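Grab a pencil and work through these exercises with the structure on your screen. Try each task yourself before reading the solution under it.

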Amino acid sequence: MPTLVIVGALWGDEAKGKLVDVLAEGADYTVRFSGGNNAGHTVRLGDKLFRFHLLPTGFLRPGCTAVIGGGMVVCPRSLLEEIDEMSALAGTTGNLLVSGSAHVVMPWHERLDCLEEALRAQGIGTTRKGIGPAYEDKAGRRGIRMFDFVQPERFRERLREVLPLKRRLLKAMGDDKDMNEDAILSEYLPLAERVRPYVVDTGSLILEAAAAGKRILFEGAQGAMLDLDYGTYPFVTSSHPTSAGACMGTGLPPTGVDKVLGVCVAYATRVGGGPFPTELDDEVGDRIRQTGREFGTTTGRPRRCGWLDLVALRYSAQANGFTALAVTRVDVLAGFQEVSLCTAYELDGERVERFPTDTAALARVTPVYETLPGWEGNIPSIRTYDALPEALHRFLGRIEEFVGVPVAVVSTGADRSEVILRRPELLW
Ligand code: IMO
Ligand code: MG
């Protein structure tokens, strides 16, 4: 049963989209299981740039079915815009299915996201797409699911129940723009009409596909350190981007997962608030940000940049059960005389090698680095692992040794062709 879960290993933006696109060749299904349009997955094909937020990247592969899983929260307006944009840009696409269990992001979610963020003493720096409030409503059993949304009568009924609560809440929070039922219906009923043909029960479909031995690729969004439970709470997203989330968000049992590929950048990035032990607030950080063009795909914000944190990566590998690693953007570090890897922390005067899950403790650590020689050359043009510079072999070898997981893939540039599948047997 070839099922592969791809997970962002740290705080998101690990170039997962590009990897999923590469590995989707030959996949029967690519499935998103968590988050919503807070994600930004970029695929570059020649001179065309595809920026995905909601759709699984496998949508670009004819013959592949792209699935929006039940664990996601979906803004119908963004979904339809993205379908139109991608279809026009790509010419031909795969099929698309949307789980009826996925929750709908409604206009009040975006407004509440902005209001809540403004009231926080320490901002999370959310993407303001309404993701947190939509998941709050799901947990509070006030959400509107796709199954309800695409049936006009059921949608009206749900709206009649939920809207008065939201109006009261918004008013109490100082938002006096009224939200009226007729206006919402006149905007959302036509959207629902267009979304309806895609909506099915994807849970049983995925189980049947897995049982039939189909190749299913689960496309993680965000990163494991943004997981609601395992991440740096409260500076997290409101869903489960970890490998377990692939089960929760699609209905696949844990025993149905064959392999888990953790994706990390050769350095580290984070957008938004929260502790980030290896952050570089200096010209090295600036150089990484400029060379790596580390600006958000979804929000355009500059990303915080730093050295790769192996303590956090090992914790992530254990929590996700990574069976292989993909290291991306190794080209960005080319030209550095020396590069660093964080292999321990100092916490309250003591050396620790275990990742503290108490976020307040994590905020107090200082990183302990190992320094390795840097590498040079036109890295994106290299097509085999052996041809990579010796110093890069050593760098990747140290990651494998510390984390205890083999590096199966090295991504050397942004294009689909700029990737080395060093150990393909660890992928499918
Ligand atoms: P991809 O899939 C990086 C971050 C936000 C914020 C926190 C909560 O492109 O890797 P939210 O809007 O989800 O409530 O924001 O999570 N965040 C991401 N950071 N990459 C992402 O997705 C992210 N999605 C959310 O910056 O700190
Ligand atoms: Mg992103």
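**Exercise 1. Find what Arg 301 does beside ligand 1, then look for other polar contacts of the ligand.**

Solution. This is a predicted model, so keep that in mind as you go.

- Step 1: Start at the side chain of Arg 301, where an N or O atom is 3.0 Å from an oxygen atom of ligand 1. The cut-off for a polar contact is 3.5 Å, so this pair counts.
- Step 2: Now go to Thr 237. Its side chain has an N or O atom 2.6 Å from an oxygen atom of ligand 1.
- Step 3: Val 271 joins in with its backbone: an N or O atom there lies 3.1 Å from a ligand oxygen.
- Step 4: How much of the accessible area of ligand 1 does the protein cover? On its own the ligand has 550 Å², and 98% of that is covered.
- Step 5: Zoom out to the surroundings. Ligand 1 has 20 residues around it, and the closest are Asp 13, Lys 16, His 41, Thr 127 and Thr 237.

**Exercise 2. Check three salt bridges, and say whether their partners are buried or partly exposed.**

Solution. Take the pairs one by one.

- Step 1: Arg 154 and Asp 148 form a salt bridge, with their closest N and O atoms 3.0 Å apart. That passes, because the cut-off is 4 Å.
- Step 2: Compare the accessibilities with the 20% limit for buried. Arg 154, at 38%, is partly exposed, while Asp 148, at 14%, is buried.
- Step 3: Next come Arg 158 and Glu 161, whose closest N and O atoms are 3.2 Å apart in their salt bridge. Both belong to helix α6 (residues 152-172); they are three residues apart, so about one helical turn separates them. Arg 158 counts as buried at 16% relative accessibility.
- Step 4: Finish with Glu 425 and Arg 423, which meet in a salt bridge at 2.9 Å, N to O. Glu 425 is partly exposed at 46%, and Arg 423 is partly exposed too, at 31%.
- Step 5: Which residues are joined into one network by salt bridges that share partners? They are Asp 13, Glu 294, Arg 303 and Arg 329.
- Step 6: How many salt bridges are there by this rule? The count comes to 28.

**Exercise 3. Sort two aromatic pairs by the angle between their ring planes.**

Solution. You'll need the angle for each pair.

- Step 1: The count of aromatic pairs comes to seven. One of them is Phe 149 with Phe 155, at 5.0 Å centre to centre and 85° between the planes. Over 60 degrees counts as edge-to-face, so that's the label here.
- Step 2: Both partners are buried: Phe 149 has a relative accessible area of 0%, and Phe 155 has 0% as well.
- Step 3: Trp 375 and Phe 395 also sit 5.0 Å apart, centre to centre, but with 55° between the planes they are tilted. Trp 375 is in the loop between β17 (366-373) and α13 (390-403), and Phe 395 is in helix α13, so the pair ties together parts 20 residues apart in sequence. Both residues are buried.
- Step 4: Which residues do ring pairs link into a cluster? Phe 149 and Phe 155, together with Tyr 188.

**Exercise 4. Find two rings that have an Arg over them.**

Solution. Look for these two spots.

- Step 1: Over the ring of Phe 336 you'll find the charged end of Arg 287, 3.8 Å from the ring centre.
- Step 2: Over the face of Tyr 385 lies Arg 422, at 4.0 Å from the ring centre.

Methods. Residues are numbered from 1 along each chain as its sequence is written. Chains are lettered from A and ligands numbered from 1 in the order in which they are written. This is a predicted model: local features need pLDDT of at least 70, side-chain atom pairs count only at pLDDT 80 or more; totals for chains, interfaces and linings use all residues. Side-chain values use heavy atoms; hydrogens and water are left out. Rings of Phe, Tyr and Trp (its six-membered ring) pair if their centres lie within 6.5 Å; planes under 30 degrees apart count as stacked, over 60 as edge-to-face and the rest as tilted. Buried means under 20% relative accessible area, exposed over 50%, partly exposed in between (1.4 Å probe, protein chains only). Helices (H or I, at least four residues) and strands (E, at least two) are DSSP runs, numbered from the N terminus. A charge sits over a ring if NZ of Lys or CZ of Arg is within 6 Å of the ring centre and within 35 degrees of the ring normal. A salt bridge is a side-chain nitrogen of Lys or Arg within 4 Å of a carboxyl oxygen of Asp or Glu. A residue is near a molecule or strand if one of its heavy atoms lies within 4 Å of it. A polar contact is a pair of N or O atoms within 3.5 Å; within protein, one must be able to donate a hydrogen and the other to accept it, and residues adjacent in sequence count only if both atoms are side-chain atoms. Accessible areas come from the Shrake-Rupley method with a 1.4 Å probe; for residues, only the protein chains shown count as cover.
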